[in-house]
Amino acid sequence: MIDSLILQQGSGWRAQAEVFDEIFFVFLALGTLVGTIVVAYTLWNVYKYRDDGNRSDEKFDAPEVGELPTGQGGPKAKKLFLSFGLSAIVVISLVVYAYGILLYVEDGPDANGDNIEIMVEGYQYGWEYEYPNGHTETGEMIVPADTRIDIAVTSRDVWHNFGSSELRIKSDAIPGDTNTNWFSVSSEEVQAQGGEATYMVECFELCGPGHSAMEGQITVVPQDEWETWYEGTSGNSSNVEGGAGVDGAASIDAAIGGASA
Ligand SMILES: [Cu+2]
């Protein structure tokens with residue numbers, strides 16, 4: 001069963017968390033490398049040009065205030081252009097790399113129409129999710145693994161911000177406006193978390209006295225389990241306590257009661 005899940009489309013997709021972790025690592029590694037070189041070169045020059053008591057002022061061609069150290073094409077100019085050139089190469093490479101990878105985050109993986117669209121509505125103080133069949137859940141969003149989940153985030157009262165730190169997703173929830181985002185959790189990850197992957201949802205926009213308690217949860221279950229649960233949701237039934245009748249759904253419904261309290 002696990003093998004068939006791994007072969008599902010989507011298991012090869014990169015999660016936003018993976019992409020952002022890679023960008024973070026690349027910037028950290030490059031920053032450390034450049035920083036080490038710059039500090040080492042500085043220290044080497046401090047040592048090389050130290051005052052050892054044998055100064056010869058006649059040979060020293062110091063730049064004056066307001067003067068660019070061109071050195072009339074001498075070694076000073078070479079160092080200046082080498083330093084600018086290397087910096088430009090590093091910065092431009094990082095811009096091109098980060099922009100390319102962020103385009104993937106923007107568009108998301110190609111789901112061939114098999115994605116699931118969920119409306120997320122923030123309110124003081126909680127989250128309500130509406131599924132394509134009209135079913136609504138409060139507090140806990142239950143989604144299948146290996147599936148691209150598209151969320152359309154809005155608010156019914158004041159400004160909120162729907163986000164999950166672990167999934168690295170975050171969208172403004174603004175009344176009268178809709179912001180879209182996506183996420184996908186692989187079945188390997190669901191298996192690794194014991195058959196049900198959970199991610200904390202928080203409000204990231206100060207929205208009133210209950211803001212700090214405005215939490216929710218994203219629960220990712222295997223696809224077949226999710227389909228059984230979803231078939232049991234009859235369109236407009238809202239927050240049926242323990243009514244889904246699936247093994248996984250019993251704990252799911254119990255959690256809803258706790259999260260929306
Ligand atoms: Cu809020």
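1. In this predicted model, strands S1 and S2 are joined by a hairpin through 2 residues. Strand S1 covers residues 116–123 and pairs with S2 in the antiparallel sense over 5 bridges. Within this pairing, Glu-121 has Glu-128 of S2 as its bridge partner.

2. Strand S2 also forms a hairpin with S3, with 5 residues between the two strands. In that turn, Gly-134 has a positive phi of about 95°. The pairing of S2 with S3 (residues 136–138) is antiparallel and comprises 3 bridges; Glu-137 in S3 is the bridge partner of Tyr-129.

3. The side chains of S2 (residues 126–130) alternate along the strand. Trp-127 and Tyr-129 point to one face and are buried, whereas Gly-126, Glu-128 and Glu-130 point to the other face and are not buried.

4. An open sheet of 5 strands, with mixed pairing, follows the order S4-S10-S9-S6-S7. Its edges are formed by S4 (140–144) and S7 (169–173); each has a single partner strand, so one side of each is left without a neighbour in the sheet. On average, neighbouring strands of this sheet are turned by 20° against each other, direction ignored.

5. Within the sheet, S6 (residues 160–164) and S9 (residues 197–203) run antiparallel and are joined by 2 bridges. Phe-162 stands opposite Cys-203 in S9.

6. Helix H5, residues 223–232, packs on the sheet and touches S4 as well as strand S10 (215–221). The direction of H5 makes about 125° with that of S4.

How values were computed: Residues are numbered from 1 along each chain as its sequence is written. This is a predicted model: local features need pLDDT of at least 70, side-chain atom pairs count only at pLDDT 80 or more; totals for chains, interfaces and linings use all residues. Two strands pair if DSSP finds at least two bridges between them. Helices (H or I, at least four residues) and strands (E, at least two) are DSSP runs, numbered from the N terminus. Axes are lines fitted to C-alpha atoms, for helices over the stretch in contact, and angles run from 0 to 180 degrees between N-to-C directions. Two residues are in contact if their C-beta atoms, placed from the backbone, lie within 7 Å. A residue is buried if 20 or more other C-beta atoms lie within 10 Å of its own, exposed if 12 or fewer, and partly exposed in between; C-beta atoms are placed from the backbone.
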